[in-house]
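Trainee: Could you take me closely through one helix of this chain, and then set that helix in the context of the rest of the model?

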Amino acid sequence: AGLFGMFYFLTFFVQQVLDYSALKAGVVFLVVPFVIAIGSGVVAQLLPKAGPKMLITLGSVLLTLALLWLARVDPASTYMGELLPGMIVLGLGMSLIFVPLTTVAVSKVPDTDAGIASALLNVGQQVGGSIGLSVLATVAATSGRNAGATKARELADQPQVLQHLGQLNVERAGGAKAPAAAWNDSTAVAALHAVQAHSSAMGFLAAAIFGVVAVLAAALLINIRKSDLPSDPMAAAVPA
């Protein structure tokens, strides 16, 4: 859910707040799979020595910290200043989780059933991610709606906004055009950016709560010993 949520909310943030194009948004996300690919190779070498429990727990902690960092985003946030560090740490966390988690899933399973166990893990990840994302999207949408209502009330109390709305009513009624109000599109755009940033931040915060649950589950539920691990962790991590 954390990985799905990261891409989901960051997509909205970089396109609607930072005004990135769809192509540019896709390019800036490439850092995450690069970090995961490099980190997974290192983790496969560490797994026989460190064991899956420590690696998965550490990965869950990093994932949670990254989501908490991303929950700080606001309209003034930048890619290099706020988003990139969080994405790198999140990628590191996921790289610490992927290989050990798959290895744990197929440990103590006969070789003839290893493919089924790996497939069930993948199905569980997809189903769990979909359900988790639906919860996160609901939290973000509710937060955005409440923030939008608050921002609309704040704007409505500003004299220049009242003047602008009054002028629109006069023009629609066929009246003479009055002097231009002290209003421009940037006011509305800034308000929309603030609402979207708040919605994304609440989505990241909710995802961090899932991360805390993952940390506790990894620390308390994983009891696979190093001797139970397959001889080739990378081979076991490849779905059949």
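Mentor: Let us begin with helix H3, whose buried residues are Val31, Val32, Val35, Ile36, Gly39, Ser40, Val43, Ala44 and Leu47. The model is a predicted one, and what follows should be read with that in mind. The spacing of that list deserves a moment's thought: an α-helix has 3.6 residues a turn, so residues three or four places apart point the same way. Within helix H3, which spans residues 31–50, there is a kink of about 35° at Ala44, and the kink comes shortly before the proline Pro48. Ala44 itself is among the buried residues of H3, so that the bend and the burial meet at one residue, given that buried stands for under 20% relative accessible area. Immediately after H3 comes Gly51, which takes a positive phi of about 85°.

From Gly51 one can step across to a remote part of the sequence, since Asn223 is 172 residues away along the chain while the two C-alpha atoms are 10.0 Å apart in space. Asn223 sits in the loop between helix H8 (185–221) and helix H9 (233–237), and it is exposed, with a relative accessible area of 60%.

A second positive phi turns up earlier in the chain, at Asp19, where the angle is near 60° although the residue is not a glycine. Asp19 belongs to the loop that joins helix H1 (2–16) and helix H2 (22–28), and with a relative accessible area of 53% it counts as exposed, because the cut-off for that class is over 50%.

In the next helix, H4 (residues 52–70), the residue to look at is Thr64. Thr64 is buried, at a relative accessible area of 7%, and, once its neighbours within four places in sequence are set aside, it is in contact with Ala208, Gly211, Val212 and Val215. Contacts of this long-range kind weigh heavily in the chain as a whole, where residues 24 or more positions apart account for 78% of the contacts with a separation of 6 or more.

Helix H5 (residues 79–106) offers another threonine, Thr102, which also counts as buried, in this case at 9% relative accessibility. A polar atom of the Thr102 side chain lies 3.0 Å from the backbone oxygen of Phe98.

Turning from the buried positions to the surface, one finds a nonpolar patch made up of Val123, Val127, Ile131, Val135, Val139 and Phe210, with about 470 Å² of accessible area together. Helix H6 (residues 114–156) supplies the largest share of that patch, five residues. Ile131 is one of the patch residues and has its place in helix H6; it is exposed, with a relative accessible area of 52%.

Seen as a whole, the chain has nine helices and zero strands. Of its 240 residues, 39% are buried, and the accessible surface comes to about 12700 Å², with 69% of it belonging to carbon and sulfur atoms. Returning to where we began, helix H3 combines a list of buried residues that runs from Val31 to Leu47 with a kink at Ala44, and is followed by the positive phi of Gly51.

Terms used: Residues are numbered from 1 along each chain as its sequence is written. This is a predicted model: local features need pLDDT of at least 70, side-chain atom pairs count only at pLDDT 80 or more; totals for chains, interfaces and linings use all residues. Side-chain values use heavy atoms; hydrogens and water are left out. Helices (H or I, at least four residues) and strands (E, at least two) are DSSP runs, numbered from the N terminus. Buried means under 20% relative accessible area, exposed over 50%, partly exposed in between (1.4 Å probe, protein chains only). Contact means heavy atoms within 4.5 Å. Accessible areas come from the Shrake-Rupley method with a 1.4 Å probe; for residues, only the protein chains shown count as cover. The bend at a residue is the angle between axes fitted to the seven residues ending there and the seven starting there. Patches are made of residues with over 30% relative accessible area and no salt bridge: like charges are joined within 9 Å, nonpolar side chains (Val, Leu, Ile, Met, Phe, Trp, Tyr) within 5 Å. A salt bridge is a side-chain nitrogen of Lys or Arg within 4 Å of a carboxyl oxygen of Asp or Glu. A polar contact is a pair of N or O atoms within 3.5 Å; within protein, one must be able to donate a hydrogen and the other to accept it, and residues adjacent in sequence count only if both atoms are side-chain atoms.
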